[in-house]
Amino acid sequence: MFKRLLVILISGLFCCAPVHSQKVAVILSGGASKGGAHIGVLRALEEQHIPISFIAGTSVGAIIGGLYASGYTPDEIEKLISSEEFQRNASGLMYDQYVYYYRREEPNASWISLDLNPKKKLTSSLPVSLKSPFMVDFRFMEIFAPPNAAAEGDFNKLFIPFRCVVADIDSSSAVIIKKGDLPSAIRASMSIPFVYNPVVLNNKLMYDGGMYNNFPTNVAADDFKADVIIGSRVAERYDKPDPEDPVSQLLVMLMGKQSSNIPYPNSVLILPNVPKVDLLDFSHTAVLADSGYAAAMRSIASIRKLVHDTVNSEDLLRRRKEFRSRQPALIFDSIITKGLNRAQSTYVKQVLKHGKELISLDELRPGYYRFIDEGFVKTIYPVARYNPQTAHYDLILDIHKSDKFSADFGGNLSLGTVNEAFLEIRYKYLWSKALHFLANGYFGKFYASAKISGRMDFNSKYPWYINLDYTYNHFDYFKNSTFFFDDKTPSYIIEREYFGNASIGIPVTNAGKLELGMVYAFTNDKYYQSNQFTRYDTADQTGFNYFAPSVCFELNSLNRKQYPNAGARLLLSFTYVNGHEDFLPGSTSPSMNEIEEYHDWFALKLLYDNYFKSLGPVKFGFYGEMVVSNQQLFSNYVSTLIHSPAFQPIPESQTLILPNFRALSYAGAGLKVLVRVFKKIDYRLEGYLFQPYQEIYEDPLTHTARLGPVISDRSWMASTCFVYNSPLGPISFRVNYYDKMPNSFIFNLNFGYIIFNRKSMP
C-alpha cells in the first residue's frame, strides 16, 4: 500500500510540474531582392505548424521579419514586396501623380546641376545615395508606424518579438535594435552604402546591418535565449564584384563576410536555391518565394527533430487579428519640423494640413510629395509618433534644406553650326512663400540669349503662382548659312528680341497647368531681301513693338525634354497680338520709303504629341499641330516669314528658316516609329506633312509678300536618327529631309540639347 501511494504521489508531482514551451527563433539574412526567398520559408513553417517565438533579420531580412512581426501573413508579404508600388519605392521613382508639372521650369539645354555653397567642401555636394529615399521613407512609415504604436515602441510587444540589426559606422560594429521607432530601425538596416542614405538613430548614422552582421544568428542565442534556431540565408556575401560596376565593388568591400553555418546547437540552416537577380529587382519575388518554400519543406524533418511544439492555425489567426485591431489608424493632429525657422515651419504646415486640425495619411500624402517636388529639401525623414493622450499621431519631419544656390551647365556640341554653351544660376528661398529666381545664358555663334526670372508660389489649398521674367534672344542665321539652299532664300537674317513676361498659373491635375500671361516685346530684325550684297551695303530692318495677352492650357507627361519615348503633351493656347511695325530700308532695298503699320490679330494654337504603348521593342508616336490666325502680312516677304508661325517638329528645324514650313494658318501632323536597339539606344523614324491654309509667296520685283490659293500645295519633312540617352544628355546622329529644297538632305551629329529660351511670340 505504501509503495502504491508513493508512486501516485510522484506521478502527481510530475503532472503538476510546469511545462515550458520551446522558444524557436527564426533568423533571416540580408541579400537585397534575393530576400524574397524568406517569404517562402515563413510560409512553409506556418503550414507545418512550426511555432515562431522570435524573429530577427538584417537588411531585407529585417524588412521581411519586420512585416511578419507586425502581423502580416506570408501571402500578404509576398503581395506587398512583389507589387509595382514597392518596386518603385525601392528604385526611388516618384509616382506620376505626385510629380507636378506646373512647378517645372521651361526646358533648357542643361546637362548637369550642382549645388553651390562656398562654406562646404566639394565632396559635400556629391550625392550620398544613388536612389532617392523619399518614397521608401514615407512607405515604411505608412507600413510600420501603426504596429509600432500598438507595441508602444517595444519590439518585444509586436505580434512576434523582433530584432533588427544595423551598422554603426562610427564604432564599426553591429547594433541590435529592440525598441524605438520600428520604421526607422528597418529603414536603417536596409541602408546599403551609396545606394540609400543612412538613417540617424540615437544621434548616430546607421547603415545596412550587413556591413558587420549579415546573418545575425548570435541574436537568437544571446538576446532571445532560443532553444531552437532556424536560419534562412539567401546570400553568403555579395556576389563577386563586376569589373564594370563600381557599386558592386564597393558593396563587396563594405559588406562583412558571414559564417557559412549556424555555430549553435539545436539549429537548422535553410539555403534556398536562389537565381541571380539584380540588387533591387523585386519582380522575381514569387519565384524566389517558391525556392524558399521548397528549401524549407526539405528541412521540415530536421526541424521536427528539434521542435516538438505545434501552433494551431486558428489560434495564430486569432492572435493576428487581435494585434492588428490594436493598431491605431494614421491620423495626424500635429506637425513638428526640425531644421526650419518659424516662417518655414508655418509654410510646411500650411502645405500639409491646409488649416485642418486632423489629416489622414491619404490627405497628407499629396501635400508631402508636393513639398518635396518644390526642391527646397535635400533630405526629409518622416516619423509618425503615436500620442496616447490624443489618440493621434505627431508627424515629425527632420529636414535638411538644399543649398540656396545651384548651377546648371550644358549646351550642344555639333558637327554642324549649332554649337552653344549653357549656364544657369538658380536661387531659391523658403519663406512663408516659396521663392525662385534664376538667370541664364546661351553662348554661341548661331544663338545667344540671356534671361532673368522670378517666381512666387502660393501653396494654399488651391495653389497658384506668379512669374515675372525678362529675355533677350539673338538668332544669327547668316552664321548658319550652310543650310540656305538657293538665292530664293535670303542668306542674311538676324533676329533680335527683347521682351518681358508676366504670368499667373494654377495646376490642372498634377500633369497640367492653366496660365494667363502678358508679353510686352520689341523685336529688331536685320536682313537682305536679295543675296546680291557686299560688305558696304546696309541691311533692311524691321522693328515690331507689341503686347500680347494670352491664355494657355497644357498637359505634359513626356519623360524627356528632347527625344522622349513615353508620355504625352497637349497644348491649347489663345493669343491676341497688338503692335506697331517700323520698316527701315537698307541700301539694297527696292524701295527707299520707311513704312509704319499697325497690326493686330488673334492666334489659336493646338499641339498634341503622344507616344503609345510598346509592341515589343517597337513603339509608335503621333505629333499634330494646328494654328488658326487672322494675322496680316508685314511690309515685305522676309519680315512676313520671320513673324509667321513655323512648323518645327524636328529639333534641327528650329535652327533653319524654312519658307515651305511657315504660314499664317496651317495644320501639320506626322508619325514616329521608335525601336529600342539597346538599353539606352533608340532608333527613330519620323515623317511629317505640312499643309498651309495659304502659302506665302514673294513678288520677285517688289519683294512684298502675297498669299496663294487656299489649300493649294503642301510640303513634307522626314528624319531618321539614332539616339543614345547618356547620363548627361542625348547623343544623336540624324539625317533630315526637307521637301522642295535643292539640297534636301542634312546630316548632323549632336551631343546635347537643341533647346532655346522661349520666344516672345507663342
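## Exercises on rings, charges and a buried threonine

Ring pairs join F422, Y442, F446, Y447, F475, Y477 and F756 into a cluster. The model is a predicted one, so keep that in mind as you work through the exercises.

**Exercise 1.** Take F475 and F756 and work out which kind of aromatic pair they form.

*Solution.* Start with the wider search: the whole structure holds 44 aromatic pairs. For F475 and F756, the ring centres lie 5.6 Å apart and the planes meet at 85°. Planes over 60 degrees apart count as edge-to-face, and that is the class of this pair. Next, place the two residues along the chain: F475 belongs to strand β18 (residues 464-476), while F756 is in the segment after β31 (745-752). The pair therefore links distant parts of the chain, 281 residues apart. Finally, check accessibility: F475 and F756 are both buried.

**Exercise 2.** Find which charged ends sit over the rings of F475 and Y72.

*Solution.* Begin with F475: the charged end of K759 sits over this ring, 4.6 Å from its centre. Then turn to Y72, where the charged end of R324 sits over the ring at 5.3 Å from the centre.

**Exercise 3.** Decide whether T337 is buried or exposed, and describe its surroundings.

*Solution.* First locate T337, which lies in strand β10 (residues 331-338). Its relative accessibility is 15%, so T337 counts as buried; the cut-off is under 20%. Now list the neighbours: leaving aside residues up to four places away in sequence, T337 touches S345, V348 and L397. Last, look at S345 again: its side chain and that of T337 are joined by a polar contact of 2.6 Å.

Conventions. Residues are numbered from 1 along each chain as its sequence is written. This is a predicted model: local features need pLDDT of at least 70, side-chain atom pairs count only at pLDDT 80 or more; totals for chains, interfaces and linings use all residues. Side-chain values use heavy atoms; hydrogens and water are left out. Helices (H or I, at least four residues) and strands (E, at least two) are DSSP runs, numbered from the N terminus. Buried means under 20% relative accessible area, exposed over 50%, partly exposed in between (1.4 Å probe, protein chains only). A polar contact is a pair of N or O atoms within 3.5 Å; within protein, one must be able to donate a hydrogen and the other to accept it, and residues adjacent in sequence count only if both atoms are side-chain atoms. Contact means heavy atoms within 4.5 Å. Rings of Phe, Tyr and Trp (its six-membered ring) pair if their centres lie within 6.5 Å; planes under 30 degrees apart count as stacked, over 60 as edge-to-face and the rest as tilted. A charge sits over a ring if NZ of Lys or CZ of Arg is within 6 Å of the ring centre and within 35 degrees of the ring normal.
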